[in-house]
Amino acid sequence: MAQQEKPKTDRYLGAIIGAAAGDALGWPNEYNSKNVRRETPKKKQMFQKWLRRDGGRFWAHEEEINPGEYSDDTQLLIATARSLQYGENWNKIFTRIELPAWVTYERGGGGATKRAATTWKEGTNPWSGNNADVVKYFNAGGNGVAMRILPHVFGKEQNPDEVMHQVVLNGIFTHGHPRALIGATLYADALICLSGTTETLGYGELVDVLLKRKDIWGKIPNLQKLDNWLSIADKALKGKYTEIWDAVVGETVELLETAREGLNKGALDIGSGVLEKLGCFDRKINGAGTVTAAAAIYLASKYASNPHQGLTEAAYLNNADTDTLASMLG
């Protein structure tokens with residue numbers, strides 16, 4: 001039995017290391033990294049030492065980031081993994097211990113996640129504050145959820161519904177908009193599909209599979225005791241949340257179809273044209289959960305036979321959310 005379980009354990013560890021490596025490679029190049037002097041190293045696949053401007057207006061200073069150090073993407077991934085060690089109580093550990101503690105050591109955290117973590121630290125939740133903060137919460141559709149949900153897949157590959165339930169529950173602790181949550185469920189389903197493969201991923205195969213599995217990643221899980229949450233969401237977003245969810249699923253399908261069109265070009269799929277169509281370089285949308293998930297899935301498919309090249313490309317894209325994209329790709 002131990003010999004049969006070891007390969008799965010190795011995959012889980014490899015997935016975490018791959019995510020952390022992508023994060024560490026891409027963080028210095030991310031447009032919001034506050035890198036004092038952004039330079040492309042001679043060896044792109046080597047981690048670099050760099051200086052980060054930090055401290056804000058009143059305590060401005062330069063922080064030295066050593067080769068291989070990572071950002072909030074990996075911090076929160078590990079926080080999720082630690083929480084899951086507590087079984088059914090993982091959600092309480094995540095909101096009462098991990099998120100409040102993370103505020104004190106975060107590096108490069110997104111605004112939505114920091115705001116939500118602060119509310120949990122104060123003993124409440126982000127959808128019960130003043131109206132302006134609640135509206136901000138329900139409009140938060142960034143990739144801060146997708147980047148941390150990898151551990152929810154471990155050991156549950158045969159039960160996608162349970163994975164989606166946990167992923168969405170994890171997500172609403174910091175983000176309220178369907179773009180954040182659907183980006184995370186799409187990414188989780190991609191991980192589920194990959195966990196069952198034993199051979200090199202076929203060119204474009206993952207995108208085709210996920211388009212057929214829309215009913216899995218695109219379904220709103222039945223989150224018990226959240227009827228009040230949904231009614232607050234309807235009010236904050238000035239519309240029926242379930243209808244907004246379905247519209248975002250439609251947007252996400254279009255993103256995957258854009259990725260498939262690019263992959264169908266085969267050797268003619270040169271440069272960053274598909275990534276541009278996906279919105280990876282548009283500052284208004286490139287941090288969205290759905291955009292980042294679709295881009296990571298596209299790059300995983302494109303570079304199935306050469307993962308190192310794919311990871312390097314993602315980590316050094318100009319004007320892109322390189323740390324999260326490379327982390328999810330890794």
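Biologist: How much area does the chain expose, and what do carbon and sulfur atoms supply?
Modeller: About 16200 Å² is exposed, and carbon and sulfur atoms supply 50% of that. The areas come from the Shrake-Rupley method with a 1.4 Å probe. This is a predicted model: local features need pLDDT of at least 70, side-chain atom pairs count only at pLDDT 80 or more, and totals for chains, interfaces and linings use all residues. Residues are numbered from 1 along each chain as its sequence is written, and side-chain values use heavy atoms, with hydrogens and water left out.

Biologist: Thanks! What share of the residues is buried?
Modeller: Of the 330 residues, 50% count as buried, meaning under 20% relative accessible area (1.4 Å probe, protein chains only).

Biologist: And how many residues are in the largest nonpolar core?
Modeller: That core has 88 residues, and Phe138, Ile172, Leu210 and Trp229 have the most contacts inside it. A nonpolar core here is a set of buried Ala, Val, Leu, Ile, Met, Phe, Trp, Tyr and Cys residues joined through side-chain atoms within 4.5 Å.

Biologist: Which helix gives the most to this core?
Modeller: Helix H7, residues 178–195, with 11 residues. Helices are DSSP runs (H or I) of at least four residues, numbered from the N terminus.

Biologist: Back to Ile172, what is it in contact with?
Modeller: Leaving aside neighbours within four places in sequence, Ile172 is in contact (heavy atoms within 4.5 Å) with Pro126, Trp127, Tyr137, Leu181, Leu223, Leu226 and Trp229.

Biologist: New topic: what box do the C-alpha atoms fill?
Modeller: Roughly 50 × 50 × 45 Å, taken along the principal axes.

Conventions. Helices (H or I, at least four residues) and strands (E, at least two) are DSSP runs, numbered from the N terminus.
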